[in-house]
Amino acid sequence: MGLYLKLTMLLLLLVTPLPLLVKATSMKMDFLSSGVVRTDPLMFSRTGQCLSDHVHRFYGAVSNQTMRPDVSYQDLRSASGNTGTVEENKSLYWNPAIYKVNNPNGAKTYTVVDVWFASAYYIFRTGQAKSFPNGLKMKTGDTERLSRAQAECVAEYPCERTDEGGCQGYGPSNQKRHGFLPITACAELEMSIIFPTCWDGINLESKDGVKHVVYAENCDGDHHDECFDFPCPASHPVKFPEVHLYVRVLNYEGGAHVFSDGTDIFHSDYFSGWVEEELQNVLDNCENDSEAANPDAFCSDFLTFRGKPKEEGEQVDDDDIVSDLKKIQPDPIDIKSTISPENVSGISQLLRGACTGTLINAGNNTTTSECCAEKKVGNTVYELLRIGSTAGYNCLDNCIYQDKENPGQEFCFMVGDLVSTCMK
């Protein structure tokens, strides 16, 4: 009898956690990088037209505007280029650039590490997640435990660098003790991080230090790798799909490396460029059981995959993913001529300090496609007259408008408190 009870209790202990191991719908989108520059669209509401505190690597929508600090939702939607596989997803993703520290015990230089490719997984329960509102911005990484930031060193081998102190950890970031960027070399370094899933239903970004997105209740980061199915708190009741971002480095050399903010802590940022209703259609109607790292289902009946179409039920090797991505890349942006002239690689010290350095005026590069044909600012509707120099007026661009109902006077627009909406 005692043995029977013991076995029964053990069975209950094993069965109880299973509801947490739920199957979910997922969709995976792959990206190459669009560029590396010292800007941060998430900080624009606080710093304005400035270079950011540290250098970031970007993925997603591409135009002369998309890597600028003041990039808008309309800029993302009107961008003609996209480094990702899904036509409908014109979102922007960015992380601190990774630097290899050369000669850390001597005359140091910092070289940007190339990224092989990145992937965004959206994980959700069909019919139970809400789309990101148009223009939502969010960040993850403030709390490593909740963001579940991980670095996997695939096929590790000893560091073979010959530069002075190169195979040691980078001291200023406490790399060896913190242990995110590996000291050992890796055939592939795969970094991953997870965004919050609960929204306050009001704000598109944090205001006055109050978070507009948080992690789900009971998502402690210690026992649960996925929290998409957990309830949201009353303060943030709207449940989003859970975005997992993976960034991969091929032939990582090991030794002294650091993120561009001078730390060994990985973080990531997101700016939604989806049309809210289009993404909601996917979340409500696509259903699969493919939340694996190498999925074989992609919601391809609801999404337009650029280049080679996805085949449901068929996995794709990483080499083939990258090969296909290279075939659909837009022309690269001339960052030094259109955003900032500063060198970001091969430098003697990390570039740090918000609102330091040179940000090129966007007006020098304005094209018709980057102007709104009609624009509502406050309660007034303006129509595009022409593109011309707005130098000396501190305007955001060279788009020149007139009041649609009271034509005659010309206007251009600078950063202010009025709500601006591109109507056409």
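How many bridges join strand β12 to β13? The count is 2, and the two strands run antiparallel. The model is predicted.

## The chain as a whole

The chain holds 8 helices and 22 strands. Its length is 424 residues, and 52% of them are buried. About 20000 Å² of the chain is exposed. Carbon and sulfur atoms supply 50% of that area.

Contacts with a separation of 6 or more can be split by distance in sequence. Of these, 74% are between residues 24 or more positions apart.

## A three-stranded sheet

Strand β12 covers residues 198–199. It belongs to an open sheet of 3 strands, with the order β13-β12-β14. Pairing in this sheet is antiparallel. The edges are β13, residues 213–214, and β14, residues 238–239. Each of these edge strands pairs on one side only.

One bridge can be placed by residue: Cys198 has Val214 of β13 as its bridge partner. In general, the strands of a sheet pair through backbone hydrogen bonds, either parallel or antiparallel.

## A five-stranded sheet

A second open sheet has 5 strands. The order is β21-β20-β19-β18-β22, and the pairing is antiparallel. Strands β21 (410–411) and β22 (420–422) stand at its edges. Each has a single partner strand, so one side of each is left without a neighbour in the sheet.

At the β21 edge, the partner is β20, residues 399–403. There, 2 bridges join the antiparallel strands β20 and β21. Tyr401 is the residue that stands opposite Phe411 in β21.

## Aromatic pairs

The model has 20 aromatic pairs. Phe31 and Tyr93 make one that is tilted, at 5.0 Å centre to centre and with 55° between the planes. This pair links distant parts of the chain. Phe31 lies in strand β1 (residues 25–31), Tyr93 in strand β5 (residues 92–96), and 62 residues separate them. Phe31 counts as buried because its relative accessibility is 2%. Tyr93 is buried too, at 0% relative accessibility.

Phe180 and Phe266 form a stacked pair. Their centres are 5.8 Å apart, with 25° between the planes. Here too the pair links distant parts of the chain, 86 residues apart. Phe180 sits in the loop between α5 (175–178) and β11 (185–194). Phe266 sits in the loop between β16 (257–259) and β17 (268–271). Phe180 is buried, with a relative accessible area of 6%, and Phe266 is buried at 1%.

## Ring cluster and charges over rings

Ring pairs also build a cluster. Its members are Phe31, Tyr93, Tyr122, Phe132, Phe195, Trp199, Phe240, Tyr270 and Trp274. The tilted pair of Phe31 and Tyr93 is therefore part of a wider set of linked rings, with both residues buried, at 2% for Phe31 and 0% for Tyr93.

Two lysines sit over phenylalanine rings. The charged end of Lys137 is over the ring of Phe271, at 4.9 Å from its centre. Lys310 lies over the face of Phe298, with 5.0 Å to the ring centre.

## Leu279 in helix α6

Helix α6 spans residues 276–285 and includes Leu279. Leu279 is buried, with a relative accessible area of 0%. Leaving out residues up to four places away in sequence, Leu279 touches Met27, Ser131, Phe132 and Trp274. Phe132 and Trp274 are also members of the ring cluster.

Leu279 and Asn89 are 190 residues apart in sequence. In space, their C-alpha atoms are 8.6 Å apart.

## Thr126 in a loop

Thr126 is found in the loop between β8 (117–124) and β9 (137–140). Is Thr126 buried or exposed? Its relative accessibility is 19%. The limit for buried is under 20%, so Thr126 counts as buried.

The side chains of Thr126 and Thr25 are joined by a polar contact of 2.8 Å. Neighbours within four places in sequence aside, Thr126 is in contact with Thr25, Leu283, Asp284, Asn285, Cys286 and Glu287. Thr25 belongs to strand β1, residues 25–31. Helix α6, residues 276–285, takes in Leu283, Asp284 and Asn285.

Notes
Residues numbered from 1 in each chain as written. Predicted model: local features only at pLDDT ≥ 70, side-chain atom pairs only at ≥ 80, totals over all residues. Heavy atoms only, no water. Helix = DSSP H or I, 4+ residues; strand = E, 2+ residues; numbered from the N terminus. Buried < 20%, exposed > 50% of the residue type's maximum accessible area, 1.4 Å probe, protein only. Polar contact = N/O pair within 3.5 Å; in protein donor to acceptor, adjacent residues only side chain to side chain. Contact = heavy atoms within 4.5 Å. Areas by Shrake-Rupley, 256 points an atom, 1.4 Å probe, with all protein chains shown as cover. Pairing = 2+ DSSP bridges. Phe/Tyr/Trp six-rings, centres within 6.5 Å; stacked < 30°, edge-to-face > 60°. Lys NZ or Arg CZ within 6 Å of the ring centre and 35° of its normal.
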